[in-house]
Amino acid sequence: DAPGADAPAASAARISMVRVVAAFAADPRYCDMLRITIQPLVAMVAQAGTKGVLPHAARALTSLSHSEPNRDALREAGAQRRMAELLLHAESGVQASAVQCVANLGVDATDAKAFMDAGWHLALIQLLSAPAVEVQGAAAAVLGNLSAVPEFRVALMADGALRPILELLQAAELPARTAA
């Protein structure tokens, strides 16, 4: 056997296992039991070479963030920063998981400078126009929390957030309107 011949099989197995974890994490009956997977999942989203694994790991972290007892463990593991970094990811499914996780973990005024410096607020502005109402609502909630800082509000206006926010206020869907 050639060196590395097992790499594709190992990669496929890893993707399958993370997919299983994501499926179990989405079920409230198992979510809290899966707290032990938080550290490895955060490490997976931090690694550049986890392309096939990334959507499933991001989805699993988002599912785990729905449980209040998991949120502190996620924050301590660095999930909030890692998921905020994924707001800039090219794949819309990864972005959707990222914004929902960041919204679940909560951000506040102390996070505004990091969001502006990294350009994450630009991705949040774009997600205000996402096709999924849940994504729009999560993006609006995160932006709303960060808007306690006057400089952040100025940056939002300068970067074109007003129009999508006003559009959300007129949206028929209650969650998007409420978040805006």
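**Packing and confidence in an all-helical predicted chain**

Phe-115, when residues up to four places away in sequence are set aside, touches Ala-84, Leu-87, Val-102, Val-107, Trp-120, His-121, Leu-124, Val-142, Leu-146 and Phe-152. Two of these partners, Leu-87 and Leu-124, are named together with Phe-115 and Leu-41 as the residues with the most contacts inside the largest nonpolar core, a set of 55 residues. In soluble globular proteins, nonpolar side chains tend to be buried together.

The model is predicted, and its confidence along the chain is described by a mean pLDDT of 86, with 90% of the residues reaching 70 or more. Confidence is highest in helix H4, at a mean of 94, whereas the lowest mean, 54, belongs to helix H13, which spans residues 174–179. Where pLDDT is low, the predicted coordinates should not be read in detail.

With respect to secondary structure, the chain comprises 13 helices and zero strands, so that, read along the sequence, the pattern is α-α-α-α-α-α-α-α-α-α-α-α-α. The radius of gyration is 17 Å, close to the 16 Å that the globule rule gives for 180 residues, and the chain is therefore as compact as a globular protein of that length. Taken along the principal axes, the box filled by the C-alpha atoms is roughly 60 × 35 × 30 Å. Of the 180 residues, 43% are buried, and the accessible surface comes to about 9400 Å², 58% of which belongs to carbon and sulfur atoms. Among contacts between residues at least 6 apart in sequence, 66% join residues at least 24 apart.

Asn-70 provides an example of a polar side chain in a covered position. This residue is found in helix H5, residues 68–76, and counts as buried because its relative accessibility is 0%, under the 20% cut-off. Its side chain makes a polar contact of 2.7 Å with the side chain of Arg-35. Beyond the residues up to four places away in sequence, Asn-70 touches Cys-31, Asp-32, Arg-35, Ile-38 and Leu-64, a list in which Arg-35 appears both as a contact and as the polar partner.

His-66 lies in the loop between helix H4, residues 54–64, and H5, and is classed as exposed because its relative accessible area of 52% is over 50%. Leaving aside neighbours within four places in sequence, His-66 is in contact with Arg-71 and Asn-104, and with the latter it forms a polar contact between side chains at 3.4 Å. The C-alpha atoms of His-66 and Gln-170 are 28 Å apart in space, the two residues being 104 residues apart in sequence.

Ala-25 is placed in helix H1, residues 7–25, and is buried, since its relative accessible area of 2% falls under 20%. Not counting residues up to four places away in sequence, Ala-25 touches Cys-31, Leu-34, Ala-60, Ser-63 and Leu-64. Cys-31 and Leu-64 are likewise among the residues touched by Asn-70, and Ala-25 in helix H1 and Asn-70 in helix H5 thus share these two partners. Between Ala-25 and Asp-108, which are 83 residues apart in sequence, the C-alpha to C-alpha distance is 26 Å.

Note on methods
Residues are numbered from 1 along each chain as its sequence is written. This is a predicted model: local features need pLDDT of at least 70, side-chain atom pairs count only at pLDDT 80 or more; totals for chains, interfaces and linings use all residues. Side-chain values use heavy atoms; hydrogens and water are left out. A nonpolar core is a set of buried Ala, Val, Leu, Ile, Met, Phe, Trp, Tyr and Cys residues joined through side-chain atoms within 4.5 Å. Buried means under 20% relative accessible area, exposed over 50%, partly exposed in between (1.4 Å probe, protein chains only). Contact means heavy atoms within 4.5 Å. Helices (H or I, at least four residues) and strands (E, at least two) are DSSP runs, numbered from the N terminus. A polar contact is a pair of N or O atoms within 3.5 Å; within protein, one must be able to donate a hydrogen and the other to accept it, and residues adjacent in sequence count only if both atoms are side-chain atoms. pLDDT is the predictor's confidence in each residue, from 0 to 100. The radius of gyration is taken over C-alpha atoms; the globule rule is 2.2 Å times the number of residues to the power 0.38. Accessible areas come from the Shrake-Rupley method with a 1.4 Å probe; for residues, only the protein chains shown count as cover.
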